[in-house]
Amino acid sequence: MPTAEEMNRGFDAVKYWAEFKDYNAKPVQHGLLIDYEFCTNCHSCELACQMHLGLPAEQWGIKTLEYGPIKDVNGKWEWTYVPMPTDLCDGCADRTKEGRLPMCVHHCQAGVMFYGPIEELAKKAAEKPKMVLFTLDEREEA
Ligand code: SF4
Ligand code: SF4
């Protein structure tokens, strides 16, 4: 990290972070793509994941974040929901290695969750606005 003196001399933060390496980082192969324009906040993904991971009521592998209510540009009230994987998410490695979809994706009745290789999901994300891509840490069971 830069010293306080370096910071005061006009430390180049852009250059620093461009050169920064996270030595704990590892490449990520797969992800979850969410089309949050059409998420209904039905909680199916949350519950399916909770059962899959065998978690107690106060723990979640994925949780829906809520933004709103706010008024949009036309003065209409709107709510936005975005399900976000937590640190407890293991990427459903046991299912995906058998060619099955993650539980959250499988149970999303609105069909707004997609699983796949990062490169493919990134292309799909570019098809429309209001998409978000989460990278997955696909941990095998110990
Ligand atoms: S990939 Fe599996 S573990 Fe991760 S949020 Fe979805 S259901 Fe839960
Ligand atoms: S199951 Fe689908 S529609 Fe329901 S909260 Fe999860 S992402 Fe949204």
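**Strand β1**

I started with strand β1 in this predicted model. Is β1 enclosed or in the open? I found that 5 of its 6 residues are buried, so β1 is largely enclosed by the rest of the structure. The strand covers residues 30–35.

Next I looked up its partners. I counted 5 bridges from β1 to β4, and the two strands run antiparallel. On the other pairing, β1 and β5 are also joined by 5 bridges, in the antiparallel sense. I noted a general point here: strands of a sheet pair through backbone hydrogen bonds, either parallel or antiparallel.

Then I went residue by residue. His30 faces Pro117 in β4. Gly31 sits opposite Gly116, again in β4. Leu32 has its bridge partner in β5, and that partner is Phe134.

**The sheet around β1**

I put the three strands together. They form an open sheet in the order β4-β1-β5, with antiparallel pairing. Which strands are at the edges? They are β4 (113–117) and β5 (131–135), and each pairs on one side only. I read an average twist of 25° from one strand to the next.

A helix packs on this sheet. It is α6, residues 118–125, and it touches β1, β4 and β5. The direction of α6 makes about 135° with that of β4.

I also checked the loop between α6 and β5, where Lys130 is found. Its phi is near 60°, a positive value in a residue other than glycine. Lys130 counts as partly exposed because 14 other C-beta atoms lie within 10 Å.

**Strand β2 and its hairpin**

I turned to β2, residues 62–71. Just 1 of its 10 residues is buried, so β2 lies largely in the open. I set this beside β1, where 5 of 6 residues are buried.

β2 pairs with β3 through 8 bridges, and the two run antiparallel. Within this pairing, Leu65 stands opposite Val82 of β3. The hairpin of β2 and β3 has 5 residues between the strands. There I noted Gly75, with a positive phi near 85°.

Where is the cis peptide bond? It runs from Gly68 to Pro69, and its omega is near 5°. Pro69 belongs to strand β2.

**The nonpolar core**

I looked for the largest nonpolar core and found 19 residues in it. Those with the most contacts inside it are Leu32, Ile34, Cys45, Ile62, Cys104, Cys108 and Met113. The elements giving two or more residues to this core are β1, α3, α5 and β4.

I followed one of these residues, Cys45. Leaving out residues up to four places away in sequence, Cys45 touches Ile62, Pro83, Cys104, His107, Cys108 and Met113.

**Around ligand 2**

Cys45 came up again here. Ligand 2 is surrounded by 14 residues, and the closest are Cys39, Cys42, Cys45, Cys108 and Ala110. Two elements, α3 (44–53) and β3 (77–85), give two or more residues to this shell. I sorted the shell by type: 9 nonpolar, 5 polar and no charged residues.

**Around ligand 1**

I repeated the search for ligand 1. I found 13 residues around it, the closest being Cys49, Cys89, Cys92, Pro102 and Cys104. The elements that give two or more residues are α3 and α5 (103–106). Which element gives the largest share? It is α3, with 3 residues. This shell divides into 9 nonpolar, 3 polar and 1 charged.

I looked more closely at Cys92, one of the closest residues to ligand 1. It lies in the loop between β3 and α4 (93–96). Its phi is positive, about 50°, although Cys92 is not a glycine. Cys92 counts as buried because it has 25 C-beta neighbours inside 10 Å, and the cut-off is 20 or more.

**Met103**

My last stop was Met103, in helix α5. Buried or exposed? Met103 has 21 C-beta neighbours inside 10 Å, so it counts as buried.

I listed its contacts, not counting residues up to four places away in sequence. Met103 touches Ala48, Cys49, His52, Cys92 and Arg95. I checked one of these pairs by distance. Met103 and Cys49 are 54 residues apart along the chain, yet their C-alpha atoms are separated by 5.9 Å.

Terms used. Residues numbered from 1 in each chain as written. Chains lettered and ligands numbered in written order. Predicted model: local features only at pLDDT ≥ 70, side-chain atom pairs only at ≥ 80, totals over all residues. Near = placed C-beta within 6 Å. Helix = DSSP H or I, 4+ residues; strand = E, 2+ residues; numbered from the N terminus. Nonpolar A, V, L, I, M, F, W, Y, C, P; charged D, E, K, R; others polar. Pairing = 2+ DSSP bridges. Axes fitted to C-alpha atoms, helices over the stretch in contact; angles between N-to-C directions. Contact = placed C-beta atoms within 7 Å. Core = buried A, V, L, I, M, F, W, Y, C linked by C-beta atoms within 7 Å. Buried ≥ 20, exposed ≤ 12 C-beta atoms within 10 Å, placed from the backbone.
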